[in-house]
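Student: Got a minute to go through this one with me? I'd like to start with the ligand and then move on to the pockets.

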Amino acid sequence: MAKILAVVSQKGGVGKTTTSVNLAASIAALEMRTLLIGIDPQCGVSSSFNFTSRENKYGIYDLVYYKVPIVEVIIHSEIKFLDVIVSNVKSSSEEDILNQTMKANKFCLKEILAEVVKFYDYIILDCPPSLGAISISTMIAADSILIPVQGEYYSKESLARLLQTAKEVSSMYNPSLTIEGVLLTMVDFRTNLGKKVCEDIRKAMGEKVFSTIIPRTVKLAEAPMIKKPIILSDINSKGAMAYLSLAQEILAKNEERKTSEDNN
Ligand SMILES: Nc1ncnc2c1ncn2[C@@H]1O[C@H](COP(=O)(O)OP(=O)(O)OP(=O)(O)O)[C@@H](O)[C@H]1O
Ligand SMILES: [Mg+2]
């Protein structure tokens, strides 16, 4: 059964899409069957790959609204263990419809994913920068949330609001929802601000903060232009190493959890 991990933050530009794409690619590179889904209607995920218009024909919109079978929506990427679903929302009215559909049936994503959980080890969901119906449905469908926090700016209030929302989703709809971890992204260690944000986050969230820190690098900023996850464009770069290290950290944590569950 796949572990379903939602990359969530209501803040824009904190690295949700970069993390979803590069974490999914790195987990797949470690030979875990992985499905990456761009839930965000502005779908950064589709622009991070060089899919043909035929491959991009269907997406989450067709899945949720037109009920196109999921096997027709899944795209096999050039990475052996990585499949992708893009959002394929073409206008703001389609975005409204997607929001309304997910608001009317909060469990629709959970129901859709139930059809494929047995075929994957990890399903990674890239959320929009809001805590509206789409992110709520995603948190209802997820086993855990990964929260990227930008190393140059940290708002206690905004993190508290996200954690409170996750708590509400958990108590109302999804009691098994956990926090996978808080990920520091775009950190520039040469600046005092970068170091201070890392310290503040570790003070506030302790063990919940991943040991892996994603540095600010030009190669990661360029990856969407190259339309490839960074492990394909430059496996030896700092950004690729960081996301591979994050993938290993997540795999190790989940292996530990599975072993202790099996022993109990
Ligand atoms: N580690 C990094 N180093 C340098 N640039 C980065 C890094 N991570 C992300 N970026 C760049 O920062 C911008 C925002 O990143 P990204 O799109 O992943 O954020 P997001 O949270 O998905 O944004 P949105 O909320 O708009 O969906 C992008 O231009 C991306 O290429
Ligand atoms: Mg994004």
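**Ligand and pockets**

Tutor: Ligand 1 is surrounded by 18 residues (each with a heavy atom within 4 Å of it), and the closest are G13, K16, T17, T18 and P215. This is a predicted model, where local features need pLDDT of at least 70, side-chain atom pairs count only at pLDDT 80 or more, and totals for chains, interfaces and linings use all residues. Residues are numbered from 1 along each chain as its sequence is written, chains are lettered from A and ligands numbered from 1 in the order in which they are written, and side-chain values use heavy atoms, with hydrogens and water left out.

Student: Which atom of P215 lies 2.9 Å from a nitrogen atom of ligand 1?

Tutor: A backbone N or O atom of P215. A polar contact here is a pair of N or O atoms within 3.5 Å. The side chain of T18 has an N or O atom 2.5 Å from an oxygen atom of ligand 1, and a polar backbone atom of V14 is 3.0 Å from an oxygen atom of the ligand.

Student: How much of ligand 1 does the protein bury?

Tutor: Taken alone, ligand 1 exposes 630 Å², and the protein buries 76% of that (Shrake-Rupley method, 1.4 Å probe).

Student: Which elements give two or more residues to the shell?

Tutor: They are α1 (16-29), β8 (209-215) and α10 (218-226); helices are DSSP runs of H or I with at least four residues, strands runs of E with at least two.

Student: And what is the space taken by ligand 1?

Tutor: The second largest pocket. A pocket is an open set of points on a 1 Å grid over the protein atoms alone, where a 1.4 Å probe fits, with protein on both sides within 12 Å along at least five of seven lines; lining residues have an atom within 4 Å of a point. A molecule sits in one if more than half of its atoms lie within 2 Å of its grid points.

Student: How much space lies in the second largest pocket?

Tutor: About 220 Å³, counted as the space filled by probe spheres set on the points. Among the lining residues are T18, P215, R216 and Y243. α10 gives the largest share of the lining, 3 residues.

Student: Switching over: what volume does the largest pocket have?

Tutor: About 620 Å³. It has 26 lining residues, and M1, A2, K3, I4 and D143 are the closest to its centre.

Student: Which element gives the largest share of that lining?

Tutor: α12, with 6 residues.

How values were computed: A polar contact is a pair of N or O atoms within 3.5 Å; within protein, one must be able to donate a hydrogen and the other to accept it, and residues adjacent in sequence count only if both atoms are side-chain atoms.
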